[in-house]
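Biologist: Please take me through this model and justify each term as you use it. I would like to see each value set beside its cut-off.

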Amino acid sequence: MINLELPKKLRASANQAHQVASEIFRPISRKYDLGEHDYPVELDTMAAMVEGLADSGTQKIGGAAGGRSENSESDSHATELLGNTNGGNMSALLNALETSWGDVGLMLSIPYQGLGNAAIAAVATDEQLKRFGKVWASMAITEPSFGSDSAAVTTTAVLDGDEWVLNGEKIFVTAGQRSTHIVVWASVDRSLGRAAIKSFVVPRDAPGLSVARLEHKLGIKASDTAVLLLQDCRIPKDNILGSPEVNVEKGFAGVMQTFDNTRPLVAAMAVGVARAALEELRAILTDAGVEISYDTPANNQHAAAAEFLRMEADYESAYLLSLRAAWMADNKKPNSLEASMSKAKAGRTGTDVTLKAVELAGAIGYSQRTLLEKWGRDSKILDIFEGTQQIQQLIVARRVLGKTSAELK
């Protein structure tokens with residue numbers, strides 16, 4: 001029998017994250033939705049708390065707690081001796097879910113909890129983990145010339161003595177203005193294709209790094225989304241994550257491994273927003289006299305109740321797929337397929353649930369009297385960033401059919 005109950009230590013951590021979402025995020029959610037680009041000063045008090053939790057060994061509240069998912073002999077042996085493990089990835093996923101239930105934009109703005117931190121945790125060396133363990137890192141991948149095709153990176157990194165010199169433009173960088181460091185994807189030799197793409201940790205004060213502008217967006221307005229320019233930007237030689245060697249046979253699996261950690265986190269964000277919308281919709285339907293029954297067939301119930309049951313089933317499946325992807329990462333099992341499955345399902349479910357909730361709630365849903373319309377806007381990005389819905393389905397198809405990227409485009 002499969003036990004789907006969360007262990008006690010994870011329930012405590014998730015409950016703590018839920019309290020943050022309920023007591024801090026929800027009360028200021030509309031404020032920072034209307035005040036786009038205003039810095040959420042209420043989050044400053046969280047920085048010390050998050051650092052204190054990390055120092056004490058308690059899991060972090062945001063999305064930076066995820067660990068490495070690659071296999072190693074010692075890790076595999078430990079898993080064999082101890083059985084199933086629920087570690088940093090599972091904790092990060094549950095915390096991302098709970099805080100996103102409060103507000104996705106604010107969740108992405110938690111100091112020192114950027115998506116770049118998950119990238120560092122995934123591929124950094126032990127020495128780099130010590131140096132960059134307490135930074136606030138955003139992630140810079142997308143460029144004006146491409147969106148989901150991560151292999152099309154044109155930003156370059158050239159070694160000049162003891163420094164890397166980076167040149168290029170990055171767009172849609174979450175927390176791009178507020179973070180202390182940026183994890184930048186760049187090519188060390190464009191003639192070698194995707195195999196030469198590496199990730200670099202660029203400090204905020206690095207010479208040649210600048211913020212060109214902040215984007216005005218449909219949703220997650222509490223989070224700053226920046227365009228960054230790298231103009232002869234110089235960083236230390238050892239700020240390249242992982243090995244600087246170009247392995248043509250391995251391709252850029254090293255940097256892509258980052259997504260195995262971050263895609264389940266984005267799936268969890270979508271699950272959190274979907275749950276918030278379902279809870280709000282249930283209250284509205286109940287007040288309207290619509291009964292939702294689990295004993296009566298859906299086609300014998302009110303149309304709104306039948307729709308609610310359908311969406312709730314999709315929510316549960318997205319939730320369980322996300323848990324599986326995180327569990328596999330914690331147990332050193334390759335999870336690229338499962339990470340993309342969870343992201344694809346949760347991203348689509350998030351937009352479907354939130355927009356249908358707006359529709360079923362009628363005038364209340366479309367107005368700003370509740371947060372339903374905001375969640376509808378916020379959810380769309382969760383089906384786009386970290387790989388669009390179409391890209392996730394393509395990855396899943398390749399994995400299931402055993403096709404390469406060249407064979408199935």
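Modeller: A cavity is a set of grid points where a 1.4 Å probe fits but cannot get out, and a residue lines it if one of its atoms is within 4 Å of a point. The model is predicted. By that test, the second largest cavity is lined by Asn89, Leu93, Asp260, Asn261, Pro264, Leu265, Ala325, Ala326, Ala329 and Asn335.

Biologist: Which element gives the most to the lining of the second largest cavity?

Modeller: Helix α8 does, with four residues. At least two residues each come from α4 (88-102), α8 and α9. The space inside is about 30 Å³, and the lining divides into six nonpolar residues, three polar and one charged.

Biologist: How many cavities of 30 Å³ or more does the structure hold?

Modeller: There are two. The largest has about 80 Å³ of space. Its lining has 12 residues, and Leu108, Gln113, Gly114, Leu115 and Met269 are the closest to its centre. The elements that give two or more residues to this lining are β1 and α8.

Biologist: What classes make up the lining of the largest cavity?

Modeller: Seven residues are nonpolar, five are polar and none is charged. Gly counts as polar under the scheme used, so Gly114 belongs with the polar residues.

Biologist: What makes a space a pocket rather than a cavity?

Modeller: A pocket is an open set of points, whereas the probe cannot get out of a cavity. The second largest pocket holds about 630 Å³ of space. Its lining has 26 residues, and those closest to its centre are Thr142, Phe172, Ile381, Ile384 and Phe385. At least two lining residues come from each of β1 (137-140), β3 (163-174), α8 (253-287) and α12 (372-382). By class, 12 are nonpolar, nine polar and five charged.

Biologist: You mention α12. How do you know whether α12 is enclosed or not by the rest of the structure?

Modeller: A residue is buried if its relative accessible area is under 20%. Nine of the 11 residues of α12 pass that test, so this helix is largely enclosed by the rest of the structure. Among the buried residues are Glu373, Lys374, Arg377 and Asp378, which count as charged by residue type. Glu359 gives a contrast: its relative accessible area is 54%. The cut-off for exposed is over 50%, so the label fits. Glu359 is in helix α10 (residues 336-360), and its C-alpha is 9.7 Å from that of Leu372, 13 residues away in sequence.

Biologist: How many aromatic pairs does a search of the whole structure find, and why is the pair Trp164 and Phe200 given its class?

Modeller: The search finds four pairs. The ring centres of Trp164 and Phe200 are 5.2 Å apart and their planes are at 70 degrees, so the pair is edge-to-face. The limits behind this are centres within 6.5 Å and planes over 60 degrees apart. Trp164 lies in strand β3 and Phe200 in strand β5 (residues 197-203), so the pair ties together parts that are 36 residues apart in sequence. Trp164 has a relative accessible area of 6% and is buried; Phe200, at 0%, is buried too.

Biologist: Why is the pair Tyr315 and Tyr319 classed as stacked or edge-to-face?

Modeller: Their centres are 6.3 Å apart and their planes are at 15 degrees, so the pair is stacked. Stacked needs planes under 30 degrees apart. Both tyrosines are buried and sit in helix α9 (residues 303-330), four residues apart, which is about one turn of the helix.

Biologist: How do you know that a charge sits over a ring?

Modeller: For Arg, CZ has to be within 6 Å of the ring centre and within 35 degrees of the ring normal. The charged end of Arg26 sits over the ring of Trp101, 3.8 Å from its centre. The charged end of Arg263 sits over the ring of Phe259, at 4.2 Å.

Biologist: What makes the phi of Ala175 worth a note?

Modeller: Most residues other than glycine have a negative phi. Ala175 is not a glycine, yet its phi is positive, about 60 degrees. Ala175 lies in the loop between β3 and β4 (181-187) and is buried, with a relative accessible area of 3%. Tyr112 also has a positive phi, of about 65 degrees, but is partly exposed at 34%.

Conventions:
Residues are numbered from 1 along each chain as its sequence is written. This is a predicted model: local features need pLDDT of at least 70, side-chain atom pairs count only at pLDDT 80 or more; totals for chains, interfaces and linings use all residues. Side-chain values use heavy atoms; hydrogens and water are left out. On a 1 Å grid over the protein atoms alone, a cavity is a set of points where a 1.4 Å probe fits but cannot get out, and a pocket is an open set with protein on both sides within 12 Å along at least five of seven lines; lining residues have an atom within 4 Å of a point. Grid points are joined across faces, edges and corners, and a volume is the space filled by probe spheres set on the points. Rings of Phe, Tyr and Trp (its six-membered ring) pair if their centres lie within 6.5 Å; planes under 30 degrees apart count as stacked, over 60 as edge-to-face and the rest as tilted. Buried means under 20% relative accessible area, exposed over 50%, partly exposed in between (1.4 Å probe, protein chains only).
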